[in-house]
Structure formats: structure tokens, C-alpha cells
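User: I am new to this structure and would like to know the reasons behind the terms used for it. Please take them one at a time.

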Amino acid sequence: MGLALLLALLTPGCSGHPIPQASPSRSGTATQVAPRPQPSPASAEEVLAYVRALSVDIGIRRAGTAGADRAADFIDAKLREFGYEVTRQSLGLPNGKATCNVIARTPGVGPGTYRLVIGAHFDTMPTGPGANDNASGVGVVMSLARAWRYRDLPVPVEWVAFGGEERQEGPVGSHHMGSRAYVAALRPGETGRIVAMLSLDEVGANSAHEVSSLGSGPQVAVQRLLAAAAAAGVPASYRKTPDWSDNGPFELAGIPAAFLWNGDYPLFHTSKDTIAQVRESQVLAALRIVEGFLNGLGAADAQILQPPPTPTAQPS
Ligand SMILES: [Zn+2]
């Protein structure tokens with residue numbers, strides 16, 4: 001167990017309050033400008049280290065259990081270390097327990113700001129350690145969050161680790177609890193401030209990627225991801241899917257959203273979904289696709305990806 005994980009395990013879970021930490025200090029006097037940090041690039045090796053921490057050191061991360069709380073603590077601590085303001089959005093589960101979303105925002109970027117949401121769910125079914133589903137997606141989100149923290153983007157990114165994506169005990173349709181809670185909590189008119197949402201959910205298996213969506217709303221996030229994959233020389237194709245991942249609640253609210261994944265993966269939700277299934281080449285391909293998407297953003301994208309909100313017509 002690494003020191004970072006050990007420290008994470010000592011901090012409160014979803015039901016607790018994160019330990020406040022000092023924001024990154026700026027050295028020197030007021031007349032000196034601190035050099036902008038230049039983090040090293042995201043890498044497949046780094047992603048695999050996060051996959052190991054989540055799927056091997058922590059293991060099963062069923063929403064509402066200690067495993068999920070430990071994962072939330074680990075992700076929270078890392079995102080703070082990278083220089084983000086991290087908040088927890090707690091949410092109730094049908095069985096009366098609770099879990100949370102872990103949300104990382106660049107200081108100054110928050111509700112009311114045009115932004116991208118790039119997320120991945122950290123919970124698992126009770127049946128397996130969820131290395132590919134979905135420590136792989138969380139690992140890609142974390143590596144990108146670190147590497148892109150100080151990059152100037154036309155549209156800033158909010159990085160989210162969603163809780164409770166997997167099917168819960170309870171009524172039919174008790175899934176995607178974290179992304180549903182996120183969308184439900186948006187203030188009136190704020191759906192128009194999220195210019196696009198990407199869900200990374202199983203990105204480490206097989207040998208190609210798929211870009212999916214419900215196909216019911218604006219498809220610009222899908223088109224941009226496919227273009228980024230083509231430009232990076234990474235095999236990727238489109239498949240319209242049912243409501244299979246955290247992109248669903250965003251799409252249903254009219255937000256352009258897409259689901260990046262490795263296509264059908266027979267070991268999902270089984271005890272065999274271990275780190276041995278997560279391929280470095282696939283993780284690297286996922287990094288390249290999302291980085292291409294980010295590099296392709298232009299100054300006008302806050303208006304192009306989604307028109308400005310009309311407060312009276314927006315779902316809340
Ligand atoms: Zn999943």
C-alpha cells in the first residue's frame with residue numbers, strides 16, 4: 001500500500017467532511033510572479049498505477065460500502081494534490097445508504113461558468129474489483145486532470161468521479177445515481193453552461209474504442225471524439241446505445257454528451273475484471289482521444305457546442 005493511499009484511507013469517507021487543505025502557496029513576494037507549474041504529460045503508466053490503487057489495494061467499491069468511501073477518499077486526496085478545489089456531492093441510495101460524487105474544479109471555475117464535464121464512475125458491482133469497469137476510466141480522468149491542470153483551455157474542465165453508476169438494489173432503473181444527482185442539482189439555466197460531457201467507462205480492454213450516445217440530443221461531443229480518434233490514428237467507431245453510462249442523464253437534460261469505451265467486454269461485473277485485463281495500449285489510446293478532444297477546442301466553443309441558455313426554457 002502506497003503512502004498516498006494510506007493517507008487517503010485515514011481521511012473521512014463520503015459521509016464525512018473532507019479535511020481542508022491549504023491551497024497551493026505562491027512563493028516569493030507580491031512583486032514576483034510565480035512560474036506556472038508544468039506537470040508532466042498524462043501516461044498509461046500513471047493510469048495503471050491508479051487502476052492498481054483502486055482495483056487491487058482497495059478492491060470492490062460497491063456504492064454505500066467502505067470500499068467506495070475509500071475510493072472517494074483516494075480520488076479526493078489526489079485531485080487536491082494536483083491543485084484543484086474538490087467538493088463532495090453526497091447522494092442517497094435506494095437501500096438507505098449514501099455515496100458521493102467527487103468534483104474537482106479549477107479555482108474560479110464553478111457553477112455559472114461555461115465548462116466541460118469529464119467524468120468516470122468509481123463504484124463497482126458487489127461481484128468484482130472493477131479494474132476495467134471502471135478503475136480504467138477513473139485512472140484516465142485522474143491522469144488527465146493532473147497533466148492539464150495549468151493548461152489554458154477555451155472552455156475549462158470540471159473533472160468528476162461519479163458514485164453509484166452501477167445498478168443498485170431497489171426499483172428498476174436504480175442506476176446512474178451520481179450523474180442523475182449531479183444533473184438534478186443544476187440550478188435553472190445551468191444545463192446550458194455545461195457545453196459538453198464525456199463519460200469514460202471501460203477504456204482498457206479489447207483493441208479498439210467505441211464512442212456511444214443515446215443519440216437523442218446534440219451529437220457534437222460524439223463527433224468531436226470521433227474526429228479526435230481519427231486524427232490520433234486510434235480505431236474508434238460510433239454505436240448508439242441504451243442508457244448504459246453516466247452520459248445518459250446529461251443527454252436527457254439536453255447537454256451534448258458521449259460515452260467513450262472499449263465496446264463489449266464479457267468480464268464486466270465479474271470477479272475476473274482484474275488489472276490483468278487492462279491493456280496499456282488501450283489506456284494510451286483513450287488518453288490520446290480525450291487529449292485530441294481538448295486540443296481541438298476553440299475560442300468559440302462555449303457558443304458552438306451548445307447555444308447559450310435561455311433561462312425560461314431550460315430544464316432544471
Ligand atoms: Zn461502468
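Analyst: This is a predicted model. A good place to begin is strand S8 (residues 257–261), where five of the five residues are buried, so the strand is largely enclosed by the rest of the structure.

User: How do you know that both faces of S8 are covered?

Analyst: The buried residues fall on each side of the strand: Ala257, Phe259 and Trp261 on one, Ala258 and Leu260 on the other. In a regular strand, side chains alternate between the two faces of the sheet. To be called buried, a residue needs 20 or more other C-beta atoms within 10 Å of its own.

User: What makes S5 and S6 partners of S8?

Analyst: Two strands count as paired if at least two bridges are found between them. Strand S5 (194–200) runs parallel to S8 and is joined to it by four bridges; Ser199 has Phe259 as its bridge partner in S8. Strand S6 (residues 209–213) pairs with S8 in the antiparallel sense over three bridges, and Glu210 has Trp261 as its bridge partner there. Both counts, four and three, meet the cut-off of at least two.

User: Why are S1 and S7 said to stand at the edges of the sheet?

Analyst: The sheet is open and has eight strands in the order S1-S2-S4-S3-S5-S8-S6-S7, with mixed pairing. Strand S1 (85–92) and strand S7 (236–240) each have a single partner strand, so one side of each is left without a neighbour in the sheet. From one strand to the next, the twist averages 25 degrees.

User: What makes S1 and S2 a pair, and in which sense do they run?

Analyst: Eight bridges join S1 to strand S2 (residues 98–105), and the sense is antiparallel. Eight bridges satisfy the requirement of at least two. Within this pair, Val86 stands opposite Ala104 in S2. Helix H3 (residues 66–81) packs on the sheet and touches S1, S2 and strand S4 (157–162), its direction making about 10 degrees with that of S2.

User: Why is Ser90 called partly exposed?

Analyst: Ser90 has 14 C-beta neighbours inside 10 Å. A residue is exposed at 12 or fewer and buried at 20 or more, so a count of 14 makes Ser90 partly exposed. Ser90 lies in strand S1 and, not counting residues up to four places away in sequence, touches Cys14, Ala98 and Cys100. Ser90 and Cys100 are ten residues apart in sequence and 4.1 Å apart in space, C-alpha to C-alpha.

User: How do you know that H2 is roughly antiparallel to H3?

Analyst: The axes of helix H2 (residues 44–58) and H3 come within 11 Å and cross at roughly 155 degrees. Angles over 145 degrees count as roughly antiparallel, so H2 is roughly antiparallel to H3. The contact involves Ala53, Leu54 and Ile58 of H2 with Gly67, Arg70, Ala71 and Phe74 of H3. The crossing is right-handed.

User: Which residues touch the most other members of the largest nonpolar core?

Analyst: They are Val140, Val141, Leu225 and Leu260, in a core of 84 residues. Leaving aside neighbours within four places in sequence, Val141 has contacts that include Ile118, Trp159 and Leu200. Across the chain of 316 residues, 49% are buried.

Terms used: Residues numbered from 1 in each chain as written. Predicted model: local features only at pLDDT ≥ 70, side-chain atom pairs only at ≥ 80, totals over all residues. Helix = DSSP H or I, 4+ residues; strand = E, 2+ residues; numbered from the N terminus. Axes fitted to C-alpha atoms, helices over the stretch in contact; angles between N-to-C directions. Contact = placed C-beta atoms within 7 Å. Core = buried A, V, L, I, M, F, W, Y, C linked by C-beta atoms within 7 Å. Parallel < 35°, antiparallel > 145°, perpendicular 65-115°, else oblique. Left-handed = near helix turned anticlockwise from the far one by under 90°.
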